[in-house]
Amino acid sequence: MGIGKKTRSIGKMIEGKTKEMAGKAVGNKSMEKKGKAEMVKGKVRHAVEKGKDTFRH
């Protein structure tokens, strides 16, 4: 897995978790859901890159 793609996917997960927690703190359900969606997107992207790496080696 390329270090750039790995960093971006981890960054997306962190960004999503931050939004989710901020949404919970202020009681904004929409922000909370968007944050959770971003976090899942980051996890999926990370898994895809990890799978690609597995097949390359």
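**E38 and the two helices around it**

In this predicted model, E38 touches K12, E15, G16 and K19, once its neighbours within four places in sequence are set aside. One of these partners, K19, gets a polar contact too: its side chain and that of E38 come to 2.7 Å. E38 counts as buried because its relative accessible area is 13%, and the cut-off for buried is under 20%.

E38 sits in helix α2, which runs over residues 29-56. This helix has 28 residues and spans 41 Å from its first C-alpha to its last, close to the expected 40 Å. E38 has company when it comes to burial: the buried residues of α2 are E32, G35, E38, M39, G42, H46 and E49. Why might a list like that come in steps of three or four? An α-helix has 3.6 residues a turn, so residues three or four places apart point the same way. As for what lies opposite, the buried residues of α2 pack against α1, residues 3-26.

Seen from the other side, α1 has buried residues of its own, namely S9, M13, G16, E20 and G23, and α2 is part of what covers them. G16 turns up again here, as it is also one of the contacts of E38. Helix α1 has 24 residues and reaches 34 Å between its first and last C-alpha, close to the 34 Å expected.

Then there is the stretch that joins the story up. Just after α1, G27 takes a positive phi of about 80°. At the start of α2, a side-chain oxygen of N28 comes to within 3.2 Å of the backbone nitrogen of S30.

Methods
Residues are numbered from 1 along each chain as its sequence is written. This is a predicted model: local features need pLDDT of at least 70, side-chain atom pairs count only at pLDDT 80 or more; totals for chains, interfaces and linings use all residues. Side-chain values use heavy atoms; hydrogens and water are left out. Helices (H or I, at least four residues) and strands (E, at least two) are DSSP runs, numbered from the N terminus. Buried means under 20% relative accessible area, exposed over 50%, partly exposed in between (1.4 Å probe, protein chains only). A polar contact is a pair of N or O atoms within 3.5 Å; within protein, one must be able to donate a hydrogen and the other to accept it, and residues adjacent in sequence count only if both atoms are side-chain atoms. Contact means heavy atoms within 4.5 Å. The expected span of a helix is 1.5 Å times one less than its number of residues.
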